[in-house]
Amino acid sequence: MRLTRTRTAQAAAAVVVAVPLALGGLTSQSHAEDASPSPSGTFGSGCSALSQKVDTAKDKVVEAASAYPQLSQLVAAVVRAQLGDTLDGKPDVTLFAPDQQAFQNVTASQLSSLLSDQGQLKKVLTYHVVDKQITPDQLSKGSFTTVEGSKLTTSGSGTDFKVNGKANIVCGNIKAANATIYVVDAVLQPPS
């Protein structure tokens, strides 16, 4: 319980730090090269950039995401949209989690507009969530209904997958107690 409170406090603190950083684009991130793929474990070239000696398999999805610094802007947005309890309360979900670089690729004015409109922020964030756990085998030609209500698609093979034909899965198959997390390099936009 203490660990959960600590990570939740870290996530809340991330709002104060990450949102101004996202708006100003003050940090630069690079993805490490070629992590070893494992069909039963995590895969993707971006996994080594996320790697920590942390086991998130017993944590709910928001707590699990908060363990990875590369997902701090996403966690800050989830906290800001007050979606933490909603996502953690679902029994089995898949989160397509935009990394820091994904948020830096959104213009400052778009991000500011999104963060100031809680309804739109919830819509965008819930478009990144599917209400079932998706295995790597299902990614090659997948079509899934998101919690937001629209469809997203996945395509690819081996350890090279895309979401909606443009966002790369840079690290996939991260386990949480109620979720599977696929880190993507773009903020996904629901169809208008």
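Two residues or elements are in contact when heavy atoms lie within 4.5 Å. With that in mind, the predicted model can be explored one part at a time, and helix H8 is a pleasant place to begin. This helix spans residues 118–126, and its residues Leu121, Val124, Leu125 and Thr126 are buried. What lies over them? The cover of the buried residues of H8 includes helix H4 (72–80), helix H7 (108–116) and strand E2. The spacing of such residues is easier to follow with a general rule. An α-helix has 3.6 residues a turn, so residues three or four places apart point the same way.

Strand E2, which helps to cover H8, also belongs to a sheet. In what order do the strands of this sheet run? The open sheet is built from 7 strands in the order E2-E1-E7-E6-E5-E4-E3, with mixed pairing. E2 and E3 stand at the edges with a single partner strand each, so one side of each has no neighbour in the sheet. At the E2 edge, E1 and E2 run antiparallel and are joined by 2 bridges. Here Thr94 stands opposite Val130 of E2. Strands of a sheet pair through backbone hydrogen bonds, either parallel or antiparallel.

Further along the sheet order, strand E6 covers residues 167–176 and contains Asn173. Is Asn173 buried or exposed? Its relative accessibility is 5%, and because buried means under 20%, Asn173 counts as buried. The side chain of Asn173 also takes part in a polar contact of 3.0 Å with the side chain of Lys175.

Charged side chains offer another view of how the chain is held together. How many salt bridges does a search of the whole structure find? The search finds 2. In one of them, Lys90 is paired with Asp131, and the closest N and O atoms are 3.4 Å apart. This pair links distant parts of the chain, 41 residues apart: Lys90 sits in the loop between helix H5 (84–89) and strand E1 (93–98), while Asp131 sits in the loop between strand E2 (129–130) and strand E3 (141–145). Lys90 is buried, at a relative accessible area of 17%, whereas Asp131 is partly exposed, at 44%.

Another salt bridge joins Glu148 to Lys123, with 3.3 Å between the closest N and O atoms. Glu148 lies in the loop between E3 and strand E4 (151–157) and Lys123 lies in H8, so this pair ties together parts that are 25 residues apart in sequence. Lys123 has a relative accessibility of 32% and counts as partly exposed.

How values were computed. Residues numbered from 1 in each chain as written. Predicted model: local features only at pLDDT ≥ 70, side-chain atom pairs only at ≥ 80, totals over all residues. Heavy atoms only, no water. Salt bridge = Lys/Arg side-chain N within 4 Å of Asp/Glu carboxyl O. Helix = DSSP H or I, 4+ residues; strand = E, 2+ residues; numbered from the N terminus. Buried < 20%, exposed > 50% of the residue type's maximum accessible area, 1.4 Å probe, protein only. Polar contact = N/O pair within 3.5 Å; in protein donor to acceptor, adjacent residues only side chain to side chain. Pairing = 2+ DSSP bridges.
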